[in-house]
Amino acid sequence: MTGATLQTFYLMWYAKFTPIKGPFYRQLGIAAFIIAILYYYTTFTSSGEMARNIAGIAASTAGVIFMGSPLAALAHVWRTKNAETLPFTMIFSTFIMATLWLCYGVFTDDLFVQVPNFLGALLALCQLVLFAIYSSKKNYYEFGPLKSKSII
């Protein structure tokens, strides 16, 4: 429930600042429709184990998509040979988070935790490699003119 609440606040905040609202609301409607179908199927028509498997696969898929989302900028990075459009902090924290959850999944022997977090850590590592290959070309002095006080 906490995750759903936080995700709802995130989507509301994103909707407030997105410049083109049409595609966002269409994708949000499709996602809500899929979630409603999954909820109905897992709650009313399937057995406990089958419902657990369907919910686990849906959550795992959503997690992998979330962790791989910065790869949407991959074509731009290759074309410009510059990784400045990738959010380094988010990618690095995703790598750390996915690695820690992967370790937890190994300790608890839960494939619904292991598989998506292994894939997420792998995707984040690939994105970090892009930073190593196409590091930002900007130097510190390009961010603005140096303001030095003259003594003379």
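**Exercise 1. Determine in what order the elements of the chain run from the N terminus on, and how many helices and strands there are.**

Solution. From the N terminus on, the elements run α-α-α-α-α-α. Counting by type, the chain of this predicted model has six helices and zero strands. Turning to how the chain is packed, 20% of its 152 residues count as buried, and among the contacts with a separation of 6 or more, 58% are between residues 24 or more positions apart.

**Exercise 2. Find which element has the lowest mean pLDDT and which the highest, and where pLDDT stays under 50.**

Solution. Begin with the whole chain, whose mean pLDDT is 80, with 87% of the residues reaching 70 or more. Among the elements, helix 1, which covers residues 2–17, has the lowest mean pLDDT, at 75, while helix 5, made of residues 88–108, has the highest, at 91. Finally, pLDDT stays under 50 over residues 139–150, and for this stretch the model has two contacts beyond four places in sequence.

**Exercise 3. Compare the UniProt annotation "transmembrane region" with the helix content of the model over residues 24–42 and 86–107.**

Solution. The annotation, taken from an unreviewed UniProt entry, covers residues 24–42, 54–74, 86–107 and 113–134. Over residues 24–42 the model is 100% helix and 0% strand, with 27 Å between the end C-alpha atoms. Over residues 86–107 the chain is 91% helix and 0% strand, and here the end C-alpha atoms lie 32 Å apart.

**Exercise 4. Check whether the span of helix 3 agrees or disagrees with its 21 residues, and list which of its residues are buried.**

Solution. At 1.5 Å a residue, the 21 residues of helix 3 should span 30 Å, and since the end C-alpha atoms are 30 Å apart, the two values agree. The buried residues of this helix are Ala-51, Ile-54, Gly-56, Ser-60, Met-67 and Gly-68. As for what they pack against, the buried residues of helix 3 meet helix 2 (21–45), helix 5 and helix 6 (111–133).

**Exercise 5. Locate the salt bridge that a search of the whole structure finds, and describe how its two residues are placed.**

Solution. A search of the whole structure finds one salt bridge. Arg-52 forms this pair with Glu-49, and the closest N and O atoms are 3.9 Å apart. The two residues are separated by about one helical turn, because they are three residues apart in helix 3, which spans residues 48–68. In accessibility, Arg-52 is partly exposed at 43% relative accessible area, and Glu-49 also counts as partly exposed, at 49%. In general, side chains of opposite charge can pair when their charged atoms come close.

**Exercise 6. State how many disulfides a search of the whole structure finds, and say how accessible Cys-103 and Cys-126 are.**

Solution. The search finds zero disulfides. Cys-103 counts as partly exposed, with a relative accessibility of 37%, and Cys-126 is partly exposed as well, with a relative accessible area of 42%.

**Exercise 7. Work out what surrounds Asn-117, beginning with the helix in which it is placed.**

Solution. Asn-117 is placed in helix 6. The 23 residues of helix 6 should span 33 Å at 1.5 Å a residue, and its end C-alpha atoms are 32 Å apart, which agrees. Many side chains can then be sorted by burial: the buried residues of helix 6 include Val-113, Gln-114, Pro-116, Asn-117, Gly-120 and Phe-131, and what covers the buried residues of this helix includes helix 3, helix 4 (74–80) and helix 5. Asn-117 itself has a relative accessibility of 9%, so it counts as buried, the cut-off being under 20%. Apart from its neighbours within four places in sequence, Asn-117 is in contact with Met-67, Met-97, Ala-98, Trp-101 and Leu-102.

**Exercise 8. Examine Lys-81 and Asp-109, giving for each the value of phi, the loop in which it lies and its accessibility.**

Solution. Most residues other than glycine have a negative phi. Lys-81, however, has a positive phi, near 55°; it is placed in the loop between helix 4 and helix 5 and is partly exposed, with a relative accessible area of 43%. For Asp-109, phi is again positive and near 55°. Asp-109 lies in the loop between helix 5 and helix 6, and with a relative accessible area of 64% it is exposed.

Conventions:
Residues numbered from 1 in each chain as written. Heavy atoms only, no water. UniProt positions renumbered as here; feature names shortened; annotations may be inferred. Helix = DSSP H or I, 4+ residues; strand = E, 2+ residues; numbered from the N terminus. pLDDT = per-residue confidence, 0-100. Contact = heavy atoms within 4.5 Å. Salt bridge = Lys/Arg side-chain N within 4 Å of Asp/Glu carboxyl O. Buried < 20%, exposed > 50% of the residue type's maximum accessible area, 1.4 Å probe, protein only. Disulfide = S-S within 2.5 Å. Expected span 1.5 Å × (residues − 1).
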